[in-house]
Structures are given as C-alpha cells and as structure tokens.
Amino acid sequence: MRGTLMLTWILIICLSQVAAQSQRQYYSETRPHIPKPIKVTNLHFFMHENLGGTNASAVIVAQSNITSNDNDSSVPFGTLFAVDDPLRIGPEPDSEVIGNAQGLSLLAGTNPRTSTTYFDFGFTTGKYNGSSISMFSRTDLELAVVGGRGRFRMATGFALLNPYLINATTVIIEFDVTLFHH
C-alpha cells in the first residue's frame, strides 16, 4: 500500500511538470498592445460589368423555381450571380484596368434594385498592387467594407455607388470608397 501511494505521488508530480513545461512551449508572454495609427484612404474607380455574349463578366449560377414574377423585374427573386468584373479608372471601356471585383450577388428581396452582395476588390497595378478590400452588404447604393489585405489590412469603411450606365448588356458603376485601416 505504501509503495502504491508513493508511486501515485511520483506520477502526479511528473505529470504536473510535463503539463507545466508543455505550456511554456506553446504560449508566449503577454505584451502590451501599442495600436498603430489609423490611416484613411479614399479610392475612386469604375466597375464595368458585361451581361451578355461570350465575354460576360456576371452570370447566373442559380435561380429559384418561381413560376410567377411578382417583383416586376427581368431577374426574379432568388437569383444568384457570380461576378468577375474589371475595375477601371474611368467610365470609358478602354480606360486603364486597375484590378477586378470577384464575388456573388443574390437577389434576396422583392425589390429588384436591392441585393445581398459579397465582393472582393483586388488591385493589380500601382501603389495598391496585391492589396484587396472585401465588401459585404445589402446593396442599395452603399456597401460596407468588412476587411482587406495587403496595404488595406484590417480595413473597415464604406463605398458609395453611383450607377453610371445601365442597359441590356452593360452596367458601369462608379465607386467612391472610404477606408479606415492600419
């Protein structure tokens, strides 16, 4: 009995030492947080969307099985689009491409002007090459910036949308974006 009790105590001591040593291997000491100053960046660009033909940049990937169209829209409620639109510095089709917007847009309401949208705006030229901003929001001429990477790491902010041109095959939207980031 005495030997068993002694062996139990030795085992408990050894296990506590192993647990204490393993914690030191995986955790570091806490350091005080020194926040970096917040930067404000304003961006202005145009998103060009081609809706038809072989060069379509927005396509329907899913659609609800609704037999009626109560919202008087050419695109019924429950339609999901995949988008890969070029971002340009101007509204002209031949203006310089500075990146692209990739994402999903879902017509999730009965109002044909609004949708729930997720976009990642990736920049491929200039000062912001390799950086991107993520927007997720209900679109009604404003999107919420919910994140970013590269120069826009930890970004928040908003984008104001101005429909520049909308017809049967082309949509051009002007973006004025205000970002708060580190």
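**Strand pairing and two residue environments in the predicted model**

Of the 182 residues in the protein, 32% are buried, a value that, like those that follow, was computed from a predicted model. The secondary structure consists of 1 helix and 9 strands, which are arranged along the sequence in the pattern α-β-β-β-β-β-β-β-β-β. When contacts between residues at least 6 apart in sequence are considered, 46% of them join residues at least 24 apart. The accessible surface of the protein amounts to about 12200 Å², and carbon and sulfur atoms account for 58% of this area.

Strands S6, S7 and S8 are linked by successive antiparallel pairings. Strand S6, spanning residues 132-139, is joined to strand S7, spanning residues 142-149, by 4 bridges, and within this pairing Ile133 stands opposite Gly148 of S7. The hairpin formed by S6 and S7 has 2 residues between the strands, and Leu141 adopts a positive phi near 75 degrees in this hairpin. Strand S7 is in turn paired with strand S8, residues 156-166, through 4 bridges in the antiparallel sense, with Glu142 having Leu160 in S8 as its bridge partner. In the hairpin of S7 and S8, 6 residues lie between the strands, and a positive phi of about 70 degrees is found at Gly150 in the turn.

Pro163 is located in strand S8 and is partly exposed, its relative accessible area being 40%. When residues up to four places away in sequence are not counted, Pro163 touches Leu141 and Ile172. Leu141, the residue with the positive phi in the hairpin of S6 and S7, is 22 residues apart from Pro163 along the chain, and the C-alpha atoms of these two residues are separated by 8.2 Å.

A second environment was examined at Arg88, which lies in strand S3, comprising residues 80-88. Arg88 is buried yet has no salt bridge, and the nearest side chain of opposite charge, that of Asp94, is 6.8 Å away. A polar atom of the Arg88 side chain does, however, lie 2.6 Å from the backbone oxygen of Ser95. With residues up to four places away in sequence not counted, the residues touched by Arg88 include Phe45, Phe46 and His48, together with Pro93, Asp94, Ser95, Glu96, Val97 and Ile98. Asp94 is thus listed among the contacts of Arg88, although no salt bridge is formed by this arginine.

Notes
Residues are numbered from 1 along each chain as its sequence is written. This is a predicted model: local features need pLDDT of at least 70, side-chain atom pairs count only at pLDDT 80 or more; totals for chains, interfaces and linings use all residues. Side-chain values use heavy atoms; hydrogens and water are left out. Two strands pair if DSSP finds at least two bridges between them. Buried means under 20% relative accessible area, exposed over 50%, partly exposed in between (1.4 Å probe, protein chains only). Contact means heavy atoms within 4.5 Å. Accessible areas come from the Shrake-Rupley method with a 1.4 Å probe; for residues, only the protein chains shown count as cover. Lys and Arg count as positive and Asp and Glu as negative; His and the chain ends are not counted. A salt bridge is a side-chain nitrogen of Lys or Arg within 4 Å of a carboxyl oxygen of Asp or Glu. A polar contact is a pair of N or O atoms within 3.5 Å; within protein, one must be able to donate a hydrogen and the other to accept it, and residues adjacent in sequence count only if both atoms are side-chain atoms.
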